[in-house]
Amino acid sequence: MCAAATFKNQSLYVHIPFCQGICAYCDFTRVRYHAGLADQYLTQLAGELEQRVPRQAMETVYIGGGTPTALSLGQLRRLLDMLKPYTEGALEVTIEANPEAIKPELIDILLTGGVNRISLGLQSCDDQILKQIGRRHTFDQARQAIRLLQQAGLTNISCDLIYSLPGQTREQWTATLQGVLSLNIPHCSLYSLTIEEHSEFGRTGRQPLDEDTEASMYFEAVQVLKQAGYQHYEISNFAFAGYASRHNLHYWRYDDFYGVGLGASGKLGAFRYDNTRNFQDYFQGRWIAEKIELTREDQMFEMVMMNLRTAAGLSLIEFERIFQTPVTSVYSEAIQNGLRQGWLHLDEEHLAATDSGMALLNTVLEEFLD
Amino acid sequence: MDQSKIRNFSIIAHIDHGKSTLADRILEMTDTVQHREMVDQILDSLDLERERGITIKLNAVQLKYRAKDGEEYVFHLIDTPGHVDFTYEVSRSLAACEGAVLVVDAAQGIEAQTLANVYLALDNDLEIVPVINKIDLPSAQPEVVKEEIENVIGLDCAEAPLISAKTGLNVEDVLEEIVKKVPAPSGDPNAPLKALVFDSIYDSYRGVIVFVRVKEGRIQVGDKIRFMNNQAEYEVLECGVRNPKEVKLGALECGEVGWFAASIKSVQDVSVGATVTQANNPAKEALPGYRKMNPMVYCGLYPTDSAKYNDLREALEKLKLNDASLQFEAETSQALGFGFRCGFLGLLHMDVVQERLEREYNLSLIATAPSVIYHCYMTDGSMMKIDNPAHLPEVQRIDRLEEPYVKAGIMVPNEYIGAVMELCQNKRGIYKDMHYIDAHRNTLEYEIPLGEIVFDFFDKLKSCTKGYASLDYEISEYKKSDLVKMDILLNGELIDALSIIVHRDFAYARGNSITVKLKELIPKQQFEIPVQAAVNGKIIARTNIKSLRKNVLAKCYGGDISRKKKLLEKQKEGKKRMKAVGSVEIPQEAFMAVLSMDDDK
């Protein structure tokens with residue numbers, strides 16, 4: 001292990017593996033909500049937190065799923081209470097939620113529990129599409145939900161959107177982008193559909209759109225959102241100034257983070273761990289399924305891989321601080337080639353992907369693999 | 001040894017009709033191989049043979065059988081390869097026998113390949129023992145099949161054993177029939193030595209092991225022998241039989257089948273069909289039928305990684321030690337760099353060699369589409385043999401081109417005759433004849449350019465007859481054809497390894513389907529790539545591979561890091577299997593794209 005490799009650790013991810021219904025594109029660790037199971041799960045989660053995460057205030061906490069708002073209000077209150085030692089004083093506490101769950105009582109519980117950022121599963125502004133992919137809300141419901149949140153002072157809202165869905169037209173995507181602009185929210189994330197083997201789409205053999213249409217949709221979104229004042233700060237993420245997700249930036253900077261709950265992952269120095277995806281194991285306290293030791297080479301590559309996703313890019317100083325060697329000498333050939341191709345940009349402080357490099361990041365990163 | 005107690009025979013059968021299984025049962029029943037030592041299909045010693053259910057290299061086994069008449073007989077079972085590529089080798093191993101067991105599947109009846117081998121056996125004056133196999137199958141129709149054999153071959157099947165090689169049912173009857181029907185050898189033990197070479201293998205310690213049938217005289221250790229085709233002389237150091245383990249003996253007697261070793265350095269020196277005699281008491285003339293084998297199909301083999309050129313050469317050299325019919329010589333391609341032009345007896349032979357190179361020698365190869373040898377008559381009256389389409393001289397210097405034709409016999413059920421005739425027509429076939437086999441089947445005879453056979457003829461035949469047709473062919477003659485060279489250009493650059501020779505009337509359709517196919521096979525790259533087909537410098541077809549605009553994973557958060565890295569590694573691995581030609585990365589399959597064409601599309 002590399003003694004010099006010390007990463008910052010100020011974030012905690014908490015996974016809630018319950019949903020009211022299962023969406024067609026999803027292969028995350030999730031099950032249909034069951035009250036008794038959820039009670040038992042929260043008890044176990046409390047145990048895992050206590051044993052595995054030092055009781056200290058985090059800079060960021062992220063409660064994801066699944067759908068955390070699938071929990072009952074009482075369970076949600078219990079969850080936020082148990083997270084208090086970590087959320088108190090935190091700069092950013094995010095919870096994922098579905099639009100149909102947003103009610104005044106819920107908002108109260110979230111605000112009391114220290115939540116200051118909401119990530120909404122909007123997915124599309126087209127009711128037809130929402131129905132096809134198994135969502136349980138309409139665009140109008142989402143608009144109402146956002147209004148409620150904003151009225152309650154919870155204005156740091158992000159929306160997730162999916163494009164390149166089977167059968168989706170360019171026009172539908174343009175309309176969804178316009179719909180998002182009308183919501184006046186400070187952050188959104190756009191994901192092109194990947195058909196996962198274990199999702200309903202995967203099982204039923206659905207195909208995403210062709211690569212060329214997908215690329216067009218992506219470039220359109222980048223243009224429309226930038227024009228509306230959003231900063232394209234990560235490949236799939238857009239935010240008004242000051243509203244970039246602090247928690248996710250920790251991942252992209254390759255900082256350490258704690259992860260608790262079914263199927264969660266964490267990183268501590270040279271180790272990454274993956275929690276079990278099996279309820280039985282989890283309930284019996286066998287939280288961690290796998291602990292992977294990362295070589296120095298793994299860590300260097302992964303740090304580059306994650307940082308190049310961001311507009312800011314990789315901090316040369318940070319890389320050298322951690323690995324005691326400049327990134328430009330470790331990857332001189334890949335960097336030279338990337339610069340030549342116009343994929344990369346290098347100044348005194350950062351190595352970053354250009355617009356074209358960001359769109360072709362897989363190709364760019366290949367050069368960094370031995 | 002008493003010649004009258006020797007029986008030398010082969011088994012003739014279509015693939016899947018149970019030849020190897022019957023051989024296994026015979027080995028068991030003669031206690032040659034103990035049950036516990038039994039590996040299924042013991043004669044097929046190469047892994048590949050066992051996997052594909054085909055026999056590529058020959059083998060000969062000595063068995064002892066106590067017959068119902070109380071006498072002990074010595075059997076020599078000579079295995080034969082069951083594929084059209086190896087017809088000559090089959091004919092030589094048949095020439096080493098006095099009889100052949102004809103195995104016919106009770107459910108499927110006679111196939112074209114079987115028939116071809118039966119005729120080879122009859123040409124060699126062999127006594128044929130018909131056997132109906134797989135009678136345990138519910139669909140077995142032994143009486144129908146017997147009648148078919150009587151009609152088509154004219155063999156009396158009244159006493160043909162009805163067996164199941166799988167269960168062993170009635171296999172003993174086969175052994176008794178062999179004793180009764182197959183004649184004993186009749187050579188003169190006192191005449192000068194004449195031994196027929198029907199196979200050889202290379203052993204790294206002892207040199208070439210030569211498999212022979214002693215027709216006249218005898219061979220013993222210490223003899224000075226001579227190969228009558230090339231006058232090469234050697235001293236016999238060891239000889240013996242196989243049972244199937246090697247057994248060393250002092251001598252091989254007249255009528256016996258066995259092996260000898262004589263420190264022969266390469267299989268090249270030992271030709272199947274050659275006659276071995278004594279150097280100091282030579283026979284007056286060699287046994288009849290010796291022919292030098294020439295490859296029929298050629299393709300270029302290149303290492304994907306050009307640094308592996310020497311590894312490929314060494315691997316080819318090693319394979320050639322055991323396979324005299326494999327030919328290769330170094331060639332260079334502008335697109336693929338250094339590689340070899342290799343000659344094969346046929347498509348199966350080509351496939352087998354490629355697979356062995358990849359599997360046994362761990363090489364990653366790019367194979368160009370197979371080509372036949374074209375005869376190119378020049379305006380100055382000379383003739384060039386062209387085994388690589390890229391080497392065809394410019395049109396102005398060519399007077400005419402000739403290509404090899406085959407005489408093809410296709411056995412086909414009545415309902416598919418129309419479909420097969422249409423296929424043959426599309427493949428430029430010339431109709432010759434049609435024979436009646438029985439109420440349900442006919443044999444169609446066509447002359448077809450070999451170049452069309454090596455394209456997708458087999459696949460097409462299979463699909464248009466639901467697999468019910470069978471094909472046999474032999475090379476007939478060269479004929480003049482209106483042929484042109486078609487070049488493929490990627491990004492404006494001529495890729496010599498993709499050039500093919502094609503009939504002028506088909507050039508447009510083929511150009512179209514190849515360019516479309518290449519568009520599917522070549523992954524998008526950072527720039528747009530035009531794919532063009534050209535004849536004599538004129539573009540006849542064109543597609544475009546659009547440029548890669550986006551290649552990035554949408555999502556990557558804390559938990560996705562490992563998975564994402566694995567994806568990148570996989571992507572990189574895929575690239576390694578591609579060949580960079582100029583600025584374009586081309587996957588291996590693309591070089592075979594010219595083969596999988598759907599002209600009908």
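**Strands, helices and cores in a two-chain predicted model**

With 19 C-beta neighbours inside 10 Å, A:Phe28 counts as partly exposed, because a residue is called buried when 20 or more such neighbours lie within that distance. The structure described here is a predicted model, and all the values reported below are computed from it. A:Phe28 is found in the loop between strands β2 (18-19) and β3 (31-32) of chain A. Although A:Phe28 and A:Gly263 are 235 residues apart in sequence, their C-alpha atoms are 8.4 Å apart in space.

Chain A, to which this loop belongs, has 16 helices and 17 strands, and of its 370 residues 43% count as buried. When contacts in chain A between residues at least 6 apart in sequence are considered, 69% of them join residues at least 24 apart. The secondary structure of chain B comes to 12 helices and 32 strands, and buried residues make up 48% of the 601 residues in this chain. For chain B, among contacts between residues at least 6 apart in sequence, 69% join residues at least 24 apart. The contact between the two chains takes 20 residues from chain B and 32 residues from chain A. On the side of chain B that touches chain A, the residues divide into eight nonpolar, five polar and seven charged.

Within chain B, five strands form an open sheet in the order β2-β3-β1-β4-β5, and the pairing in this sheet is mixed. Its edge strands are β2 (60-66) and β5 (127-133) of chain B, each of which pairs on one side only, and the twist averages 30° from one strand to the next. Inside the sheet, strand β1 (residues 6-13) and strand β4 (residues 99-105) of chain B pair in the parallel sense over five bridges, and B:Phe9 has B:Gly99 in β4(B) as its bridge partner. Two helices pack on this sheet. Helix α4 (residues 112-123) of chain B touches β1, β4 and β5 of chain B, and its direction makes about 155° with that of β1(B). Helix α5 (residues 142-152) of chain B touches β4 and β5 of chain B, and its direction makes about 155° with that of β5(B).

The helix α4(B) has 12 residues and reaches 17 Å from its first C-alpha to its last, which is close to the 16 Å expected at 1.5 Å a residue. This helix is mostly covered, since nine of its 12 residues are buried; among them are B:Leu115, B:Val118 and B:Ala121. An α-helix has 3.6 residues a turn, so residues three or four places apart point the same way. Just after α4(B), B:Asp125 takes a positive phi of about 60°.

The largest nonpolar core contains 168 residues, of which B:Ala100, B:Val101, B:Leu102 and B:Val197 touch the most other members. Leaving aside its neighbours within four places in sequence, B:Ala100 is in contact with B:Phe9, B:Ser10, B:Ile12, B:Leu94, B:Ala121, B:Leu126 and B:Ile128. A second, separate core of 100 residues includes A:Leu12, A:Ala142, A:Ile185 and A:Met303.

Another open sheet of chain B is formed by eight strands in the order β10-β9-β15-β6-β7-β14-β11-β12, with antiparallel pairing. Strands β10 (233-235) and β12 (246-249) of chain B stand at the edges with a single partner strand each, so one side of each is left without a neighbour in the sheet. Neighbouring strands of this sheet are turned by 40° against each other on average, direction ignored. At one of these edges, strand β9 (residues 224-227) of chain B and β10(B) pair in the antiparallel sense over three bridges, and B:Ile225 stands opposite B:Tyr234 in β10(B).

A hairpin in chain B brings together strand β31 (residues 578-581) and strand β32 (residues 584-587), which pair in the antiparallel sense over four bridges. Across this pairing, the bridge partner of B:Val581 in β32(B) is B:Val584. Two residues lie between the strands of the hairpin, where B:Gly582 takes a positive phi near 60°. In a regular strand the side chains alternate between the two faces of the sheet. In β31(B), the covered face carries B:Lys579 and B:Val581, whereas the uncovered face carries B:Met578 and B:Ala580.

Key:
Residues numbered from 1 in each chain as written. Chains lettered and ligands numbered in written order. Predicted model: local features only at pLDDT ≥ 70, side-chain atom pairs only at ≥ 80, totals over all residues. Contact = placed C-beta atoms within 7 Å. Pairing = 2+ DSSP bridges. Axes fitted to C-alpha atoms, helices over the stretch in contact; angles between N-to-C directions. Nonpolar A, V, L, I, M, F, W, Y, C, P; charged D, E, K, R; others polar. Expected span 1.5 Å × (residues − 1). Core = buried A, V, L, I, M, F, W, Y, C linked by C-beta atoms within 7 Å.
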